[in-house]
Every structure is written in structure tokens, then in C-alpha cells.
Amino acid sequence: MRQWESKTLGDQGYSAIEILRRFYGDSVFINSSEEISGIPASWPGYDLTIGSTGEKVRQLQNQLNTISKGYPLIPKIAADGIYGEDTANAVKTFQKVFNLPQTGIVDYPTWYRISDIYVGVSRIAELS
């Protein structure tokens with residue numbers, strides 16, 4: 001598939017499947033599947049810090065708890081979706097262990113380092 005030609009077709013109103021079929025033939029179809037569980041979600045687009053709440057905080061807490069099994073210096077915390085002192089302290093410890101600035105704030109670099117380590121320790125990246 002040629003990049004610029006596919007862009008031109010998209011600009012002309014062709015759908016993704018129509019563009020694929022133009023390059024690969026009519027036997028192409030799009031299939032869907034259930035969401036894959038355990039794959040870390042993207043950074044929320046803002047720092048997580050004391051007072052933050054919600055599903056992204058709960059995800060962070062769950063990932064830190066999983067990481068703590070392999071890195072026991074990181075304390076286990078309640079996965080309640082509320083970013084309090086315990087979560088901040090666990091983040092600071094994580095940052096110390098993995099040579100990040102020890103702010104207790106989950107910024108972009110910290111979020112992705114947590115995600116990276118989580119994938120490694122939970123083995124979700126390995127085929128079984």
C-alpha cells in the first residue's frame with residue numbers, strides 16, 4: 001500500500017476497508033475482538049497527584065501493587081481510586097527504585113515507566 005495514495009483516497013471519502021480492498025482485493029475484511037484485558041491504558045494526559053481520583057488512579061494503584069510483588073520495597077496500597085499519601089509514597093519509592101525524580105507525582109515519564117515495568121512483571125507481553 002502506498003502511503004500518499006491511501007491518503008488521497010481517504011481525502012476522496014473512501015472508507016478504511018475500501019482503501020484496503022483497493023490495494024489487497026475484495027477478500028479483505030475487518031474483524032473485531034473482545035478488549036484485551038491487562039494491557040495498560042495510555043497516560044491520562046495530566047499528572048496524577050494527591051487529590052486525583054478515578055479509574056486512572058485505580059489502574060495506577062493496581063499496577064503498583066503488581067509491581068510490588070517483584071520489587072518489595074514498593075509498598076502495597078489500597079486500590080480505591082483515590083490518590084492519597086499512601087499512593088504518593090508508593091510512587092516516590094517506585095521513582096527511587098527506577099531512578100526517576102522522586103516527586104510522588106505521576107507525570108508522563110513515571111506513567112510510562114510504571115506501565116513498562118508492569119508489563120514485564122505481569123508477563124502479559126509473553127505468548128503462552
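Hi everyone, let me start with one pair of side chains: aspartate 11 forms a salt bridge with lysine 7, and their closest N and O atoms are 2.6 Å apart. Before I go on, please keep in mind that this is a predicted model.

Where do these two residues sit? Both aspartate 11 and lysine 7 belong to helix α1, 4 residues apart, or about one turn of the helix. Helix α1 covers residues 3-11. That spacing suits a pairing like this, because an α-helix has 3.6 residues a turn and residues three or four places apart point the same way. And side chains of opposite charge can pair when their charged atoms come close. The two side chains are also joined by a polar contact of 2.6 Å between aspartate 11 and lysine 7.

Is aspartate 11 buried or exposed? Its relative accessible area is 57%, and the cut-off for exposed is over 50%, so aspartate 11 is exposed. Lysine 7, at 42% relative accessibility, falls in the partly exposed class.

Let me step back to the whole chain. The protein chain has 5 helices and 0 strands, so if you read the elements from the N terminus on, you get α-α-α-α-α. Of its 128 residues, 28% count as buried. The exposed surface of the chain is about 8,500 Å², with carbon and sulfur atoms supplying 52% of it. As for contacts, take those between residues at least 6 apart in sequence: 44% of them join residues at least 24 apart.

Back to the charged pairs. How many salt bridges are there? The count comes to 3 salt bridges. You have met the one in α1, between aspartate 11 and lysine 7.

Another joins the side chains of glutamate 55 and arginine 58, at 3.5 Å from N to O. These two are 3 residues apart in helix α3, so about one helical turn separates glutamate 55 from arginine 58. Glutamate 55 is exposed at 56% relative accessibility, while arginine 58 is partly exposed, with a relative accessible area of 29%.

Then, in helix α5, arginine 113 forms a salt bridge with aspartate 116, with the closest N and O atoms 3.1 Å apart. Arginine 113 and aspartate 116 lie 3 residues apart in α5, so here too the separation is about one helical turn. Both are partly exposed: arginine 113 has a relative accessible area of 30%, and aspartate 116 has 45%.

Since glutamate 55 took us to α3, let's stay with that helix for a moment. Helix α3 runs over residues 55-70, which is 16 residues. How does its span compare with what 1.5 Å a residue would give? The expected span is 22 Å and the end C-alpha atoms are 24 Å apart, so the two agree.

Which residues of α3 are buried? They are Val57, Gln59, Leu60, Gln61, Gln63, Leu64, Asn65, Ile67 and Ser68. What covers them includes α4, residues 85-97, and α5, residues 108-122.

Now for the aromatics, where the count comes to 4 pairs. In one of them, the rings of tyrosine 71 and phenylalanine 98 have their centres 4.9 Å apart and their planes at 65°; over 60 counts as edge-to-face, so that is the class for this pair. Tyrosine 71 is in the loop between α3 and α4, and phenylalanine 98 is in the loop between α4 and α5, so the pair ties together parts that are 27 residues apart in sequence. Tyrosine 71 is partly exposed at 31% relative accessible area, whereas phenylalanine 98 is buried at 12%.

There is also a cluster, with ring pairs linking Trp43, Tyr108 and Tyr112.

One last stop, in the loop between α4 and α5, where we find asparagine 99. What is the phi of asparagine 99? It is near 55°, a positive value in a residue other than glycine. As a reminder, most residues other than glycine have a negative phi. Asparagine 99 is exposed, with a relative accessible area of 72%, whereas phenylalanine 98, in that loop between α4 and α5, is buried.

That's my tour, and I'm happy to go back to any part of it!

Terms used: Residues numbered from 1 in each chain as written. Predicted model: local features only at pLDDT ≥ 70, side-chain atom pairs only at ≥ 80, totals over all residues. Heavy atoms only, no water. Expected span 1.5 Å × (residues − 1). Buried < 20%, exposed > 50% of the residue type's maximum accessible area, 1.4 Å probe, protein only. Contact = heavy atoms within 4.5 Å. Phe/Tyr/Trp six-rings, centres within 6.5 Å; stacked < 30°, edge-to-face > 60°. Areas by Shrake-Rupley, 256 points an atom, 1.4 Å probe, with all protein chains shown as cover. Polar contact = N/O pair within 3.5 Å; in protein donor to acceptor, adjacent residues only side chain to side chain. Salt bridge = Lys/Arg side-chain N within 4 Å of Asp/Glu carboxyl O.
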